[in-house]
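Q: Hi! I have a protein model open and I'd like to walk through it with you. Can we start with one helix and then move around?

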Amino acid sequence: MAEVLFGGIPVSVLTDSYKAGHFKMYPDAEKMVAYGEFRKGFQVQNGKHDQDDTRLIFYGIRYIVETFLTKKWTQQEVDNADKFYSTHMAPFYTEYPFPKELFTKFITENEGYFPVKLEALKEGSVVHARVPVYQITAEKEYSHLCTFFETLLTMVWYPSCVATLSRRCKDVIAKGFEATVDEDNFFLLNSRLHDFGFRGCTSTEQSVLGGCAHLLNFDGTDTMSAAYYAQFMLNNGKPVGQSIPATEHSVMTSWKTETEAVKNMITHFGDGLFACVMDSYDYSEALTTVLPEAKKTLDEQNKTNGFMVIRPDSGDPVEAVLEGLQKAEVAFGVELNKKGYKVLKNCSVIQGDGINIHMLSDIIDAVIKAGYSVQSVAFGMGGGLLQKVNRDTMSFATKLSHIHIKGQDTGRDIMKAPKTDLGKFSLPGILQVRREANGVCTVYATPEQGAGTPLVSDAENEMRVVYDNGPLKESPWDDFDTVRQRVEREWKELAPNKNADPLSSQIKERIKQMRPT
């Protein structure tokens, strides 16, 4: 994918302009360490972040490492970049500084691999805000390249935000399931939120990254780019995402009547699940007149396994779903489940217009109040799932945390601590993360300015090496099914400690010592 998307763009320009000049701005160093973290819980309404539940799903680092970090640099690419940098300085398009000599050096001496070590949490790890999710180490003459890849690594914010949002939506739907769905039908939960977001993405790459992030929590998707990538690139060919035949307005309006369009769907797909959009002209009228004809046709063709999904696509989402349920009840009938809620027979409603996590919750509340099981409702989410997140959604940042100045006996832990925004402080030190008995990942720093014995052993450290001055001999990555299982297990494990403080007393004391008074 990288070759198709980026073609002849050298990796050496896939960063912010100011990063290219930083090699001249740092002091001479033997070693530099930086890390990335989400500083806050998920952003809810009015720009405020959730302080009651700061859990998040870390996902997407594999794509960045495999696509960019493990790519061999060539001298030709550096020469091409040189042509660009030679005209990049404002205001007169003159020469801009970049570490050409260092690039040439590692191309010659390190087979073209970027000379840093990267540690990261496992894909799908569930942690709290303020837990480091990756750590970069650069040493000796390459120390000044420590943060050069920050721009690309920081982009892990996107799939992590989508994965976390998708999971929070699943919690909302699961609550409705627990109240209104019989336990033997709980398996349906994984199909209740369908990814409708492909066409709203800014690029195919975004559809893959965001679509795969959603598939950690659900198996319903129309974003085939992500379903294919997850199945064949991440899961050894085992299927990950699925969908059903469904009409769009172009299909419905191409027939003389909506009834004919629905009958055609039944002829071709009536032995299983199929969906029809019902608001091409008059949603209420279509529900009243077309649904009975659909039921009649299914019976006449003996399509006993036929299951029609009604899709409204305009109007008030809550009212549209309720009307769909009520008129489907008239046409198809209902049965009461063990919990006393009505379940539509061979029919359901999917709402894909105007869905975000708040609207989703409002619809579920209204459905339950009307006496229906949430089993009879599904949701499609497009822009609200793959587009309406940004780096501030969970306040992601990468910061330098340790430097060993050349000629000094020991290194020095460093941190950012702006008085104008105390929430933007960074963590000092060479960091480790240990998952405690209660499932909470806790942060520690190597004592004595990085010179002491780490408080967390390599075996305990949740941040594992995924790149070490080149690709590892053995793949550090789990398949997609394993990552899914990790998300499911760890999200539930942390439920009793949704807003736990992940900072150890040791690192808190270190921060206290270093924070300006």
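Q: How far apart are the end C-alpha atoms of helix α16, and what span should its residues give?

A: Helix α16 covers residues 480-493, and its end C-alpha atoms are 20 Å apart. At 1.5 Å a residue, its 14 residues should span 20 Å, which agrees. The expected span is 1.5 Å times one less than the number of residues. Helices here are DSSP runs of H or I with at least four residues, strands are runs of E with at least two, and both are numbered from the N terminus.

Q: Before we go on, what kind of model is this?

A: This is a predicted model, where local features need pLDDT of at least 70 and side-chain atom pairs count only at pLDDT 80 or more, while totals for chains, interfaces and linings use all residues. Residues are numbered from 1 along each chain as its sequence is written, and side-chain values use heavy atoms, with hydrogens and water left out.

Q: Cool. Back to α16: which of its residues are buried?

A: They are F480, V483, R484, R486, V487, E490 and W491. They cover an arc of only 160° around the axis, so they sit on the same side of α16. That arc is taken from the directions from the helix axis to the C-beta atoms. Buried means under 20% relative accessible area, exposed means over 50%, and partly exposed is in between, using a 1.4 Å probe and protein chains only.

Q: And what do those buried residues pack against?

A: They pack against β2 (55-58), β4 (125-128), α7, α8 (204-215), α9 (224-233) and β15 (431-435). Contact means heavy atoms within 4.5 Å.

Q: Let's zoom out. How many helices and strands does the chain have?

A: The protein chain has 17 helices and 17 strands. Its C-alpha trace spans about 85 × 50 × 45 Å along the principal axes. Of its 517 residues, 55% count as buried.

Q: Which residues touch the most other members of the largest nonpolar core?

A: Those are W73, F114 and Y134, in a core of 150 residues. The largest share of this core, ten residues, comes from helix α7 (residues 157-180). A nonpolar core is a set of buried Ala, Val, Leu, Ile, Met, Phe, Trp, Tyr and Cys residues joined through side-chain atoms within 4.5 Å.

Q: What does W73 touch, then?

A: Leaving out residues up to four places away in sequence, W73 touches V11, S12, V78, F103, F106, I107, G112, F114, F148 and F149.

Q: New topic: sheets. In what order do the six strands of the open sheet come?

A: The order is β14-β13-β1-β5-β3-β17, and the pairing is antiparallel. The edge strands are β14 (412-413) and β17, and each pairs on one side only. Two strands pair if DSSP finds at least two bridges between them.

Q: How many bridges join β3 to β5?

A: Four bridges join strand β3 (residues 117-120) to strand β5 (residues 132-139). One pair there is K117 with its bridge partner T137 in β5. Four bridges also join β3 to β17 (residues 464-468), where A120 has R464 as its partner.

Q: And at the β14 end, what stands opposite H402?

A: D413 in β14 stands opposite H402. Strand β13 (residues 396-405) and β14 pair in the antiparallel sense over two bridges.

Q: How many disulfides does the structure hold?

A: Zero. A disulfide is a pair of cysteine sulfur atoms within 2.5 Å. Take C161: the nearest cysteine sulfur, that of C169, is 13 Å away. C161 is buried, with a relative accessible area of 0%.

Q: Where is the cis peptide bond?

A: The bond from A90 to P91 is cis, with omega near 5°. P91 lies in the loop between α4 (75-85) and α5 (100-109).

Q: Last one: is N302 buried or exposed?

A: N302 is exposed, with a relative accessible area of 57%. It lies in the loop between α12 (283-300) and β8 (307-311), and its phi is near 55°, a positive value in a residue other than glycine. E111 also has phi near 55°, and E111 is exposed, at 55% relative accessible area.
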